[in-house]
Amino acid sequence: MRIVFLGCSGGRRITFQQKRASGGFLIEEGDLRVHVDPGPGALLRLIQLGFDPSKTDVFIISHRHMDHVADINTVIEARTLGGWNPGGILIAPEDALYGEDPVVYRYHRDKLKGIHTLKEGFSIELASLKISSVIRHPHHGVETFGVGFEASGIRIGYITDGRLTDDMLEAYRGFDALIVNTTFRHPRQLEHLSLEDAVAIASRCTPKLMILNHFGAEIVFWGLDRAAEYVEERTGIRTISAREFMEVKFGPKVSVSRLKLVNPICIAYKSGN
Ligand SMILES: [Zn+2]
Ligand SMILES: [Zn+2]
């Protein structure tokens, strides 16, 4: 199993001024590719890294905020080639899919092979990968769920945006790695996680690896490595900060590297052609 981060930005300022890239992350297990929270620029980042967007098998939306879903219709369009290549599965909370103001167009929902509502107790097995909802997070009144991925005895938890609760600290125990949306450096009453929350999560949930992600301005300008060190020094849990195009491979050992941009269109642009 591997994770590829298309971006690492969170919050309005960093995401919508593109101070760091956004677009969510990929989980790959065998031939299966899952794209989680395809925020702004997701399609561009896939293509820059050489991923064929028509080969994504599963899309997951943790919640309907724009930094998580801005490109969802775009990546479904690219997956289905405008309907010529129908397929793909979408997993998303009900208020992202239906109701007065869905963030996934009906046109695109109709092109998919399957749609599953992400809710408490949800679980699905696709080839060798098991995907489950972990727990609902309190987050500005929108339906928001953390997600678990399990394959070959490895469990990865995705702690998306929200206000930390005791129930969450309990629910995220037992994972080998936790991706934590650490938007703020200092705690604020805004239903987002801070570095202090990341310390509490690492201490209580004791994963082998913490991956901080979804950084707001406070952390971006303070330093991503300092943020990771802050958590690791206080907990003794190995902690890294996600960066755009970072790859984390899980096997007997965990390896971390950075993918190169390969798309010739972007190279042409950079060279002025
Ligand atoms: Zn967010
Ligand atoms: Zn949010």
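Here is a short chat about the predicted model above and its helix 10.

Trainee: Hi! What should I know before I start?

Mentor: Residues count from 1 along each chain as its sequence is written, while chains are lettered from A and ligands numbered from 1 in the order in which they are written. As this is a predicted model, local features need pLDDT of at least 70 and side-chain atom pairs count only at pLDDT 80 or more, but totals for chains, interfaces and linings use all residues.

Trainee: Okay, how many helices and strands are there in the protein?

Mentor: The protein has 11 helices and 16 strands. These are DSSP runs numbered from the N terminus: H or I of at least four residues for helices, E of at least two for strands.

Trainee: And what share of the residues is buried?

Mentor: Buried residues are 50% of the 273. Buried needs 20 or more other C-beta atoms within 10 Å of the residue's own, exposed 12 or fewer, and partly exposed is in between, with C-beta atoms placed from the backbone.

Trainee: Now helix 10. Which of its residues are buried?

Mentor: A227, A228, Y230 and V231. Seen down the axis, the buried residues fall within an arc of 150 degrees (directions from the helix axis to the C-beta atoms), so they line one face of helix 10.

Trainee: What's on the face turned away from that side?

Mentor: The exposed residues D225, R226 and E233.

Trainee: And what does the buried side pack against?

Mentor: Its partners include strand 11 (177-184), helix 8 (195-205) and strand 14 (238-241). Contact here means C-beta atoms, placed from the backbone, within 7 Å.

Trainee: What comes just after helix 10?

Mentor: G236, with a positive phi of about 75 degrees.

How values were computed:
Two residues are in contact if their C-beta atoms, placed from the backbone, lie within 7 Å.
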